[in-house]
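Here is a short briefing on one protein model. Look at the sequence and the structure first, then read on.

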Amino acid sequence: FLLPKSGANGTAITEFILLVIFVLFLLAYVVTVGGNFSILAAILVEPKLHTPTYFFLGNLSMMDIGCISVTIPSMLGHLVSHKHTVPYGACLTQLFFFHLLVGVDCFLLTAMAYDRFLAICQPLTYSTHMSQTVQRILVAASWACAFSSALTHTVAISTLNFCGPNMINHFYCDLPQLFQLSCSSTQLNELLLFAVGFMMAGTPVVLIVTSYIHVAAAVLRIHSAEGRKKTFSTCSTHLTVVAIFYGSGIFNYMRLGSAKLSDKDKAVGVFNTVINPMLNPIIYSLRNPDVQGALWKVLLGR
């Protein structure tokens, strides 16, 4: 932050900038939470949406609410109070829950790709292979894997010493920024991040790509052009979310070797924590008439 500087009329320019930032992030937070709660409400009230696909989508909406709630409210509180310090314990707590929720997102997106694979490639056995028990097991496994990853990173970062600069060039605590501040060697931590990241992101990406290769092969076997378009349209929203989620995540964590983190990293952080969760309800409702109809029921109180 810059020191306050008075303008021609005596007003503090920096105060005005902070107010604008506060309003923008507050608006984004309200829109994101409201949009994802609307998706959850639509799934609950519309019987057509009581399917495995929307069960996973409902869980994804809850993760999006959690991700933005872990980072934005604390930042808004700091802007209002002008207190820009974060206790060490609170920083590690934020780091843990952020990686926990993002990790669950990774595996939920994989479960949704598996759901599309079964629905399109193995429709006769879909209800058996994607029963309610299987759905719950997939969600529970997502939480277990994400918890292990988040706990590993949090314990590893707690072993580092921080004895030099203590200014985080970001609006929330994350691994790349904390690595920059450590006066200990972070080589092992960075290797751990790549190793765990490969398991948490690389494995789901491989499974998602494999699922959609089989889906694409099944779609191409459909003789009707209208049938191919209708079948693949059910996957396009999920593919869009996957591309945005993994694209921004890879850019954010694959640049640890850079000597200095720039404002581009903060912009990517904003995309990960604010824009991505805000876009998900829009993407999933934009081309889905069932979700749109259910949302109108919720909005009209019917």
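The points below go from the whole fold to single residues.

This is a predicted model. The protein has 10 helices and 0 strands. Its 302 residues include 43% that count as buried. The structure also holds 1 cavity of 30 Å³ or more.

**Overall fold**

- Read along the sequence, the pattern is α-α-α-α-α-α-α-α-α-α.
- Take the contacts between residues at least 6 apart in sequence: 75% of them join residues at least 24 apart.
- The accessible surface of the protein is about 16,000 Å².
- Carbon and sulfur atoms account for 70% of that surface.

**The largest cavity**

- The largest cavity has about 30 Å³ of space.
- Its lining consists of Asn36, Ile39, Leu57, Leu60, Ser61, Asp64, Asn280, Pro281 and Tyr284.
- Which helices each supply at least two residues of this lining? They are helix 1 (13-45), helix 2 (52-81) and helix 9 (263-286).
- Helix 2 gives the largest share of the lining, with 4 residues.
- By type, the lining divides into 5 nonpolar, 3 polar and 1 charged.
- The charged residue in the lining is Asp64, because Asp counts as charged.

**The salt bridge**

- The count of salt bridges comes to 1.
- The partners are Asp115 and Arg116, whose side chains meet at 3.2 Å, N to O.
- This pair qualifies because the cut-off is 4 Å between a side-chain nitrogen of Lys or Arg and a carboxyl oxygen of Asp or Glu.
- Is Asp115 buried or exposed? Asp115 counts as buried, because its relative accessibility is 0%.
- Arg116 counts as buried too, because its relative accessibility is 13% and the cut-off for buried is under 20%.

**Leu160, in a loop**

- Where is Leu160? Leu160 sits in the loop between helix 5 (132-158) and helix 6 (175-181).
- Leu160 is buried, because its relative accessible area is 7%.
- Leu160 and Cys183 are 23 residues apart in sequence. In space, their C-alpha atoms are 7.7 Å apart.
- Leaving aside neighbours within four places in sequence, Leu160 is in contact with Phe179, Ser182, Ser184, Ser185, Thr186 and Asn189.

**Ser149, in helix 5**

- Ser149 belongs to helix 5.
- Ser149 counts as buried, because its relative accessibility is 8%.
- Not counting residues up to four places away in sequence, Ser149 touches Val196 and Met200.

**Leu192, in helix 7**

- Leu192 is part of helix 7 (residues 187-220).
- Why is Leu192 called partly exposed? Its relative accessible area is 27%, and partly exposed means between the cut-offs of 20% and 50%.
- Leu192 and Ala156 are 36 residues apart along the chain. Their C-alpha atoms are separated by 8.5 Å.
- Ala156 is also one of the residues that Leu192 touches.
- Not counting residues up to four places away in sequence, the others are Thr152, His153 and Gly197.

How values were computed:
Residues numbered from 1 in each chain as written. Predicted model: local features only at pLDDT ≥ 70, side-chain atom pairs only at ≥ 80, totals over all residues. Heavy atoms only, no water. Buried < 20%, exposed > 50% of the residue type's maximum accessible area, 1.4 Å probe, protein only. 1 Å grid on protein atoms, 1.4 Å probe; cavity = no way out; pocket = protein on both sides within 12 Å on 5 of 7 lines; lining within 4 Å. Points joined across faces, edges and corners; volume = space filled by probe spheres on them. Contact = heavy atoms within 4.5 Å. Areas by Shrake-Rupley, 256 points an atom, 1.4 Å probe, with all protein chains shown as cover.
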